[in-house]
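Let's take a look inside a protein model and see how one of its helices sits among its neighbours. Have the structure open as you read.

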Amino acid sequence: MNKISNLTKASDACLPDYIFESSWEVCNKVGGIYTVLSTRAKTLQSLLPDHIIFIGPDCWGQDESPFFIEDDSLFAEWHEECRKTDLLRFRIGRWKVPGSPVAILVDFMPYYLRKDEIYGNLWKDWGVDSLHAYGDYDEASMFSYAAAKVVESFFHFYLDDTKRVVYQGNEWMTGLGLLYIRKYLPQVATIFTTHATSIGRSIAGNNKPLYDYLFAYNGNQMADELNMQSKHSIERQTAWNVDCFTTVSEITGRECSELLDKTPDVILPNGFEKDFVPKGAVFTRKRREARQTLCSIASQLTGQEYDPDKVLILSTSGRYEFRNKGIDVFIDTMNRLRCDHRLNKTILAFIEVPAWVAAPRELSPGTPVTHWLHNMSEDRILGMMNWLQMYNRAEDRVKVIFIPSYLNGDDGVVNKPYYDLLCGNDLTIYPSYYEPWGYTPLESTAFKVPCITTDLSGFGLWVNSVVGHYGEITDGVKVVHRTDNNYSQVIETITDTVVAFAAMDAAEVKAIRERASRLSDKAQWQHFISHYRTAYKVALDNAAARNR
């Protein structure tokens with residue numbers, strides 16, 4: 001057996017010797033899972049130096065990834081051996097996040113030539129229905145298969161059955177690879193983490209009542225109705241056939257029990273790493289610059305001037321799921337606020353939700369959006385604002401601006417990364433209807449920005465459990481009760497909360513900002529990593545039992 005001389009032996013007997021973790025969002029910043037993995041990386045790297053290896057898709061071709069530093073010296077002998085085959089192609093290096101963990105980006109395109117064979121075996125071995133696959137199913141599945149082949153090759157080159165090895169996959173996109181490892185590398189313990197069930201998200205996104213009828217929904221039946229058969233099938237079969245099935249919150253755990261007929265073995269709440277948060281004078285400078293940037297953008301789009309020290313800056317952000325993320329609630333609330341005589345401040349409200357961007361705009365009064373969209377006339381955010389006649393008139397106390405670009409620092413208008421903009425807010429609002437965890441409110445509190453969320457988010461329920469009651473804005477997080485049927489009440493509650501917050505003096509606001517920050521401290525990875533230790537143990541124990 002070949003030896004790995006450049007790795008340090010894991011010293012904690014409660015941990016695996018090696019962990020491989022795959023996700024479509026490794027070194028690929030497209031959603032919240034990127035934040036989960038990239039912030040957790042430092043903690044795992046400190047526990048298992050270079051024994052934690054992340055695997056993601058090589059989406060960059062010949063271009064350089066902004067999230068990845070290639071390093072051919074890592075596992076050079078193995079990599080050289082792999083280059084001899086046309087099917088196993090990948091780049092190896094480090095993820096450009098705190099902890100700098102080892103990352104492998106796999107080229108999954110060669111496996112399209114074997115797609116029918118791979119799907120046929122998947123049906124024969126596990127009963128997974130890929131017949132109805134469409135859209136991103138093929139792309140995700142070929143990546144997942146390629147990632148599993150990388151793990152298999154690494155194991156046979158460097159390791160043996162004396163090593164305790166875990167392979168963890170995130171979301172249905174990694175299911176095929178997990179099932180491959182279970183069959184062809186049974187000595188490796190498998191963990192599947194669903195961050196949201198495909199059926200639950202689809203039910204909610206199709207304006208069906210999820211929570212009142214959750215007990216009555218049949219996952220297979222709903223998959224047929226919503227044309228989600230293949231994604232549901234791979235997700236369900238993976239949940240049932242790994243050594244440890246996990247999800248991110250109790251609310252999503254109930255969803256799994258009803259829609260996948262499988263209760264998670266362990267709940268893995270999403271933590272945060274505060275290395276991303278600047279301190280002291282740097283934080284103060286970034287906050288001041290962010291407020292100046294936001295006021296400048298608002299000024300150019302409305303034709304009015306705004307004093308960064310006097311306006312109340314609000315925002316919502318996240319994936320463009322109009323109902324699920326509560327974007328509709330946010331817009332309705334801003335509409336209610338502009339007519340509220342109790343409001344004593346001008347509000348600048350920003351919707352920071354990536355859409356189908358065409359190009360940056362030359363900012364001028366008129367359309368309240370910073371970038372041209374390919375589908376301006378069909379965009380739901382602009383459509384709702386037009387329907388409500390939210391034109392940012394001079395007399396409106398609330399101005400709403402839509403920033404539809406990914407905030408990576410190079411969008412052509414804002415030109416600041418998301419975190420550098422987030423710290424400029426006074427208050428954030430995330431009134432989600434469907435939110436398995438809720439990274440955006442956690443990030444907000446970490447940056448000392450109090451927020452409003454709902455009890456249909458895992459984070460909101462966690463806040464309630466920590467403070468011992470429904471979170472109030474004076475706690476740093478206001479948790480609003482939301483159901484299938486109380487839309488108007490949610491808007492009213494958020495409106496009242498914003499009005500009350502706007503009336504607070506500087507000392508009260510400062511105290512609330514500090515409480516928000518302290519609350520986020522309780523969700524750091526140093527506290528939440530214990531749940532992962534539990535999952536690793538469950539997976540290793542179950543793998544050992546089936547291999548006896």
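Start with helix H17: on the face turned away from its buried side you'll find the exposed residues Ala507 and Lys510. Keep in mind that this is a predicted model.

Which residues of H17 are buried? They are Val509, Ile512, Arg513, Ala516, Ser517, Leu519 and Ser520. Looking down the axis of H17, you'd see these buried residues fall within an arc of 160 degrees, so they line one face of the helix. That fits a general pattern: an α-helix has 3.6 residues a turn, so residues three or four places apart point the same way.

H17 covers residues 506-521, which makes 16 residues, and it reaches 23 Å from its first C-alpha to its last, close to the expected 22 Å. Right at its start, a side-chain oxygen of Asp505 comes to within 3.2 Å of the backbone nitrogen of Ala507.

So what covers the buried residues of H17? The cover includes these elements:

| Element | Residues |
|---|---|
| Helix H10 | 280-302 |
| Helix H14 | 439-446 |
| Helix H15 | 458-467 |
| Strand S17 | 477-480 |
| Helix H16 | 487-502 |

Arg513, one of the buried residues of H17, is also among the residues that Phe447 touches, and others include Phe272, Phe276 and Tyr419. Phe447 and Trp95 have the most contacts inside the largest nonpolar core, which has 73 residues. Helix H18 (residues 525-546) gives the most to this core, with 9 residues. Apart from it lies another core, of 55 residues, among them Trp126 and Met173.

Conventions. Residues are numbered from 1 along each chain as its sequence is written. This is a predicted model: local features need pLDDT of at least 70, side-chain atom pairs count only at pLDDT 80 or more; totals for chains, interfaces and linings use all residues. Side-chain values use heavy atoms; hydrogens and water are left out. A nonpolar core is a set of buried Ala, Val, Leu, Ile, Met, Phe, Trp, Tyr and Cys residues joined through side-chain atoms within 4.5 Å. Buried means under 20% relative accessible area, exposed over 50%, partly exposed in between (1.4 Å probe, protein chains only). Helices (H or I, at least four residues) and strands (E, at least two) are DSSP runs, numbered from the N terminus. Contact means heavy atoms within 4.5 Å. The expected span of a helix is 1.5 Å times one less than its number of residues. The arc is that of the directions from the helix axis to the C-beta atoms. A polar contact is a pair of N or O atoms within 3.5 Å; within protein, one must be able to donate a hydrogen and the other to accept it, and residues adjacent in sequence count only if both atoms are side-chain atoms.
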